[in-house]
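Trainee: I would like a close look at one part of this protein, and then an account of how the rest is arranged around that part. Please take it slowly.

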Amino acid sequence: RNGYALGLSRVARVDIARAKLRHYASYAVNLGPDHGDIRFGDLDIAHCGFDERTFNSAIAKRGSPPGGRLILDRVQCLHPDNSKWLIHSDQPGMPVTIGGGAIIGGLLAVNCIVDARLLAIDAGGAHGPAANIVMWGGGSRLESVSIKGARDAILLFDSPDCSLISVSGEVGAITNGKSLNIRMLDSRLEPVHSRDWR
């Protein structure tokens, strides 16, 4: 009950075809230091991290340097509450690639350079100062991403040089004003706070 499901560190490469992780009190996956690329073909997480308050995420990346990429060909993550992220790194620059799936009832990433496509995000009505879908994620790229339940959330918090391609939905704000050089192509985002568009 107090542990996590899977811990990975000091490995050159790991490929996991399918993982279904349920009801771990801590984060489901713990990525430690010194790892190469870690790839999940199909990662299905539900109701994990409900007692954990440091990373507030389903996947925690601990230790520097960021190491290899985390590659999620398909991910389904059902959060226990709307204050949780899919992945939270304790150091900036963790590369994360997501090929498709859904995040239900929570947020996406902290301290990660995210390349995500074909992803549906339901932020579950996340609100408050930490309600940021991508936080400290400069250089991230979101393509064909739909967002709902985020009327009080910021899409890109302190995340400059990001690209939004065919991103749709309603958010509280696209940026917090410190996310500069945002490229938008064919995106239909509706910010609740119009200050985004200056």
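Which residues have the most contacts inside the largest nonpolar core, and how many residues does that core have?

Mentor: This is a predicted model, so read what follows as a description of a prediction. The largest nonpolar core has 57 residues. Leu 70, Leu 108, Ile 133, Ile 147 and Leu 155 are the ones with the most contacts inside it. Strand 14, residues 141–157, gives the most to this core, with nine residues. In soluble globular proteins, nonpolar side chains tend to be buried together.

Take Leu 155 as an example. Leaving aside neighbours within four places in sequence, Leu 155 is in contact with Ile 133 and Ile 147, and also with Val 134, Leu 142, Leu 164, Val 171, Ala 173, Ile 174 and Leu 189. Ile 133 and Ile 147 also appear among the residues with the most contacts inside the core.

Now the setting. The protein has 18 strands and zero helices. Its radius of gyration is 15 Å, close to the 16 Å that the globule rule gives for 198 residues, so the protein is as compact as a globular protein of that length. Along the principal axes, the C-alpha atoms fill a box of roughly 45 × 30 × 25 Å. Of the 198 residues, 51% count as buried. The accessible surface comes to about 8500 Å², and carbon and sulfur atoms account for 51% of that surface. Among contacts between residues at least 6 apart in sequence, 51% join residues at least 24 apart.

Some of the strands can be followed from one to the next. Strand 4 pairs with strand 7 in the parallel sense, over four bridges. Here Asp 44 stands opposite Gln 76 in strand 7. Strand 7 is in turn joined by four bridges to strand 10, residues 101–104, and these two run parallel. In strand 10, Ala 102 is the bridge partner of Gln 76, and Ile 103 is the bridge partner of Cys 77. Strand 10 then pairs with strand 12, residues 112–122, again in the parallel sense over four bridges. Ala 102 stands opposite Ala 120 in strand 12. Reading across, Asp 44 is opposite Gln 76, Gln 76 is partnered by Ala 102, and Ala 102 is opposite Ala 120.

Strand 7, residues 75–78, also shows how side chains alternate along a strand. Val 75 and Cys 77 point to one face and are buried, while Gln 76 and Leu 78 point to the other and are not.

The loops have buried residues too. Ala 28 lies in the loop between strand 2 and strand 3, and at 0% relative accessibility Ala 28 counts as buried. Beyond its neighbours within four places in sequence, its contacts include Tyr 4, Leu 6, Leu 21, Ile 45 and Ala 58. From Ala 28 to Glu 170 the distance is 29 Å, C-alpha to C-alpha, with their positions 142 residues apart in sequence.

Asn 56 lies in another loop, between strand 4 and strand 5. Its relative accessible area is 16%, and because the limit for buried is under 20%, Asn 56 is buried. The side chain of Asn 56 makes a polar contact with the side chain of Lys 84, at 3.0 Å. Leaving aside neighbours within four places in sequence, Asn 56 is in contact with Lys 84, Ser 83 and Trp 85.

Terms used. Residues are numbered from 1 along each chain as its sequence is written. This is a predicted model: local features need pLDDT of at least 70, side-chain atom pairs count only at pLDDT 80 or more; totals for chains, interfaces and linings use all residues. Side-chain values use heavy atoms; hydrogens and water are left out. Buried means under 20% relative accessible area, exposed over 50%, partly exposed in between (1.4 Å probe, protein chains only). A polar contact is a pair of N or O atoms within 3.5 Å; within protein, one must be able to donate a hydrogen and the other to accept it, and residues adjacent in sequence count only if both atoms are side-chain atoms. Contact means heavy atoms within 4.5 Å. A nonpolar core is a set of buried Ala, Val, Leu, Ile, Met, Phe, Trp, Tyr and Cys residues joined through side-chain atoms within 4.5 Å. Two strands pair if DSSP finds at least two bridges between them. The radius of gyration is taken over C-alpha atoms; the globule rule is 2.2 Å times the number of residues to the power 0.38. Accessible areas come from the Shrake-Rupley method with a 1.4 Å probe; for residues, only the protein chains shown count as cover.
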